[in-house]
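Here are a few short exercises to work through with the model open beside you. Have a go at each one before reading its solution.

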Amino acid sequence: MTPDAFAAPGRFFRGNLHTHSTLSDGALSPAEVCRRYRAEGYDFISLTDHFVGLFDYPIADTTGFRGNGFTTIPGAELHSGAMSNGELWHILAVGLPADFAPSHSPSFAPVDGQETGPELAARARDAGAFVAVAHPQWSGLTLADARSLEAAHAVEVYNHGCATGADRPDGLHTLDLLLTEGRHLSLVATDDAHFHGPDHFGGWVMVKAEENAPETLLEALKAGRHYSSQGPELRGITLGAREITVDCSAVGAVIVQGAGTAAEVLHGISMTQATLPLSRFRRSPWIRVTVIDRAGRRAWSNPIWLN
Ligand SMILES: [Zn+2]
Ligand SMILES: [Zn+2]
């Protein structure tokens, strides 16, 4: 068995799903943000400015920055309601219609009478968006918070801005707990770039699709036909009855994780293929794959459901 991201026709397109501009609190104009990502070799980005009244609920019109192999998906970072810690929800929504109705979210503090975060996320999903739980560790998100976001397609497991700005990049712990509860979620790595500091070009998705077009990419993301990376490439994953084989760019570790404590690792020098036994995952309904290169940069597969 080969997961869809590798079995499906097409090629991988590299994209950043979480980016800010001067339409909210970013340092650069939408045009300059798009220019920089395109110059860096990205195939697409989603500008996801903060969807609050303070910034007049921006959903950037980036259609003018498309072309020459680069495209954009309209999106926003949505905010409404309080998490368990009393702070405002952050929810990533990629693929929003331009006329998505504003929430009652004046600024970055929760106010009475707002939609809850889960309600706003559900509205975004119904409107066609790919929805991700943003930066769980940075938010101080509890498992109950994460569980309540039933509309989520994915968990942001690496946020480069939260890594460089707060050393709180992680969402893998939250993801693994939700997977073990049976939630079929994918994972994404993002930049959350604001360009005030070195918060860009650090985490991205590789989406398998037949063309680099917004609707096609969105459909592939919703179907989980992608992996996430800080540098290494995942080129193939094949599951046999007793083992898993991973093909990748040169790495020093290939790890398979499952529910609870289940994990296997193979260490080596410049490995481009590794085969690991699946015996430790007999009781895990899911597994996922992480590879780590010599610089410590990772790539993560989406979860693979075994039964
Ligand atoms: Zn945020
Ligand atoms: Zn953000």
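**Exercise 1: the fold in outline**

How many helices and strands does the protein have?

Solution. Keep in mind that this is a predicted model. Counting along the chain, you should get eight helices and 17 strands. Next, check the overall packing: the radius of gyration is 19 Å, close to the 19 Å that the globule rule gives for 307 residues, so the protein is as compact as a globular protein of that length. Finally, lay the C-alpha trace along its principal axes, and the spans come out at about 55 × 45 × 30 Å.

**Exercise 2: inside and outside**

Work out what share of the residues is buried, and what the surface is made of.

Solution. Start with the cut-off: a residue is buried when its relative accessible area is under 20%. By that test, 57% of the 307 residues are buried. Then turn to the outside, where the accessible surface comes to about 12400 Å². Carbon and sulfur atoms hold 49% of that surface. For charge, tally 23 positive and 34 negative side chains; the centres of the two sets sit 9 Å apart.

**Exercise 3: one residue up close**

Is Ala295 buried or exposed, and where is Ala295 found?

Solution. First, place it: Ala295 is in the loop between β15 (286–292) and β16 (298–300). Now the exposure: exposed means over 50%, and Ala295 has a relative accessible area of 61%, so Ala295 is exposed. Last, take Val251: it is 44 residues from Ala295 in sequence, while their C-alpha atoms are 9.1 Å apart in space.

How values were computed:
Residues numbered from 1 in each chain as written. Chains lettered and ligands numbered in written order. Predicted model: local features only at pLDDT ≥ 70, side-chain atom pairs only at ≥ 80, totals over all residues. Heavy atoms only, no water. Helix = DSSP H or I, 4+ residues; strand = E, 2+ residues; numbered from the N terminus. Buried < 20%, exposed > 50% of the residue type's maximum accessible area, 1.4 Å probe, protein only. Rg over C-alpha atoms; globule rule 2.2 N^0.38 Å. Areas by Shrake-Rupley, 256 points an atom, 1.4 Å probe, with all protein chains shown as cover. Lys, Arg positive; Asp, Glu negative; His and termini not counted. Charge placed at Lys NZ, Arg CZ, Asp CG, Glu CD.
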